[in-house]
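Ready for some practice in reading a protein model? Work through the exercises below with the structure open beside you, and try each task before you look at its solution.

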Amino acid sequence: MRIDEIKSAFETEIAKCQTLQELQELKVKYLGKSGELTALLKSIKDIPAEERPSFGAKVNALRNEMEQQFAEKSEALKASDMQRRLREEKVDVSLTSCKSLGALHPVTLIENEICELMTSMGFEVLRGPEIETDYYNFKALNIPDDHPARDMQDTFYITDSILLRTHTSPMQARLMEKKKPPIKMVCPGKVFRSDSDASHSPVFHQIEALVVDKNITLCDLKGTLEYIASHLFGKDTKVRFRPSFFPFTEPSVEVDLTCSNCGGKGCSLCKGTGWIEVLGAGMVNPFVLENCGIDSKKYNGYAFGIGLERIAMIKYGIPDIRLFYENDQRFLKQFGK
Ligand code: PHE
């Protein structure tokens, strides 16, 4: 009879199934909406009433059996597929023919080193967008419309109000808008300026640091910078502040370190002065705190921005910033130890 025919055809076919794909097709063929067994169930109306119960029971029994067989076969196929993949995709880890290993880029090395150090002092590491709005890059940071930093020559504009960030400082404002003090964060990342020569690149890297809390002083800033400098360039490195100007810090300082090449005696690297300028810093301007919704009578803070290429150039004695971006392996290989 019809049921037995279907059953034996099914058994022959399922035995031949080699892949999960074939199994799925078979399932549709028998149990799908217009499958054979489904059709059989539908034909129940053509059967004499007294035979219906036993016919129905048989069809249902077959359906259960099929479902069980599909499940078992599916498990078996999955297992053998895994065995096959383990066999075929095996990698011989003992292979010794690897000729050159990659290495971290010197800028990445400096970034990692500084971020690790800052993390150990309780700073959180954040990353911000490289495409910024005029608001966060300038206005929130108290940079007025006529400030030279806004000059088309320095800034890559995308539209009138969207640009490639010229520094990592916008993250100061982005964070202070969201988070209440105490704040201790560093933000590493790419920055962009329309400038190019041996010491300037249109894209380079900075790390921004921001601390906002009660009773922060320039001494906290100096102590932190001394700690970083001694870590990067050796214990005897001294830190010097010179008065400077940034719209978003007040007072602002330019920070010099004793030249790591001559130890402060004077050489060609430091142009005979014994000092090398490494970063800009200052106490967060109260206007910036207020712009971001922080009460400047209660809280204050410091911020600094380090140029990573500059640090790497001093630390590794690299004479030209363009070497960082040429991907010359003879250059890159020297750092990956
Ligand atoms: N954003 C400044 C620059 O790129 C550096 C800086 C950061 C200065 C934080 C003061 C405070 O030149």
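**Exercise 1.** How many residues lie between β6 and β7 in the hairpin they form?

*Solution.* Before we start, note that this is a predicted model: local features need pLDDT of at least 70 and side-chain atom pairs count only at pLDDT 80 or more, while totals for chains, interfaces and linings use all residues. Residues are numbered from 1 along each chain as its sequence is written, and side-chain values use heavy atoms, with hydrogens and water left out.

Step 1: find the strands, β6 at residues 239-246 and β7 at residues 249-258. Strands (E, at least two residues) and helices (H or I, at least four) are DSSP runs, numbered from the N terminus.
Step 2: look at the turn, where 2 residues separate β6 from β7 in the hairpin.
Step 3: check the pairing, for which DSSP must find at least two bridges between two strands. Here the two strands run antiparallel and are joined by 7 bridges. One of these links Pro 243 to Val 253 in β7.

**Exercise 2.** In what order do the 7 strands of the open sheet stand?

*Solution.* Step 1: recall that strands of a sheet pair through backbone hydrogen bonds, either parallel or antiparallel.
Step 2: read across the sheet, and you get β1-β4-β5-β9-β8-β7-β6, with mixed pairing.
Step 3: look at the edges. β1 (124-125) and β6 each have a single partner strand, so one side of each has no neighbour in the sheet.
Step 4: add the helices. Helix α7 (residues 170-178) packs on the sheet and touches β1, β4, β5, β8 and β9, where contact means heavy atoms within 4.5 Å. The directions of α7 and β4 make an angle of about 140 degrees. Angles run from 0 to 180 degrees between N-to-C directions, with axes fitted to C-alpha atoms, for helices over the stretch in contact.

**Exercise 3.** Which residues are closest to the ligand?

*Solution.* Step 1: list the shell, meaning residues with a heavy atom within 4 Å of the ligand. There are 14 of them, and the closest are His 167, Ser 169, Arg 193, Gln 206 and Gly 305.
Step 2: look at polar atoms. A nitrogen atom of the ligand is 3.0 Å from an N or O atom in the side chain of His 167, and for Ser 169 such a distance is 2.9 Å. An oxygen atom of the ligand has a polar side-chain atom of Arg 193 at 2.9 Å. A polar contact is a pair of N or O atoms within 3.5 Å.
Step 3: ask where the shell comes from. β9 gives the largest share, 3 residues.

**Exercise 4.** Which residues does a cis peptide bond join, with omega about 5 degrees?

*Solution.* Step 1: the bond joins Pro 181 and Pro 182.
Step 2: place Pro 182, which lies in the loop between α7 and β4.
Step 3: go back to the hairpin, where another cis bond joins Glu 250 and Pro 251, with omega about 0 degrees. Pro 251 lies in strand β7.

Key. Polar contact = N/O pair within 3.5 Å; in protein donor to acceptor, adjacent residues only side chain to side chain.
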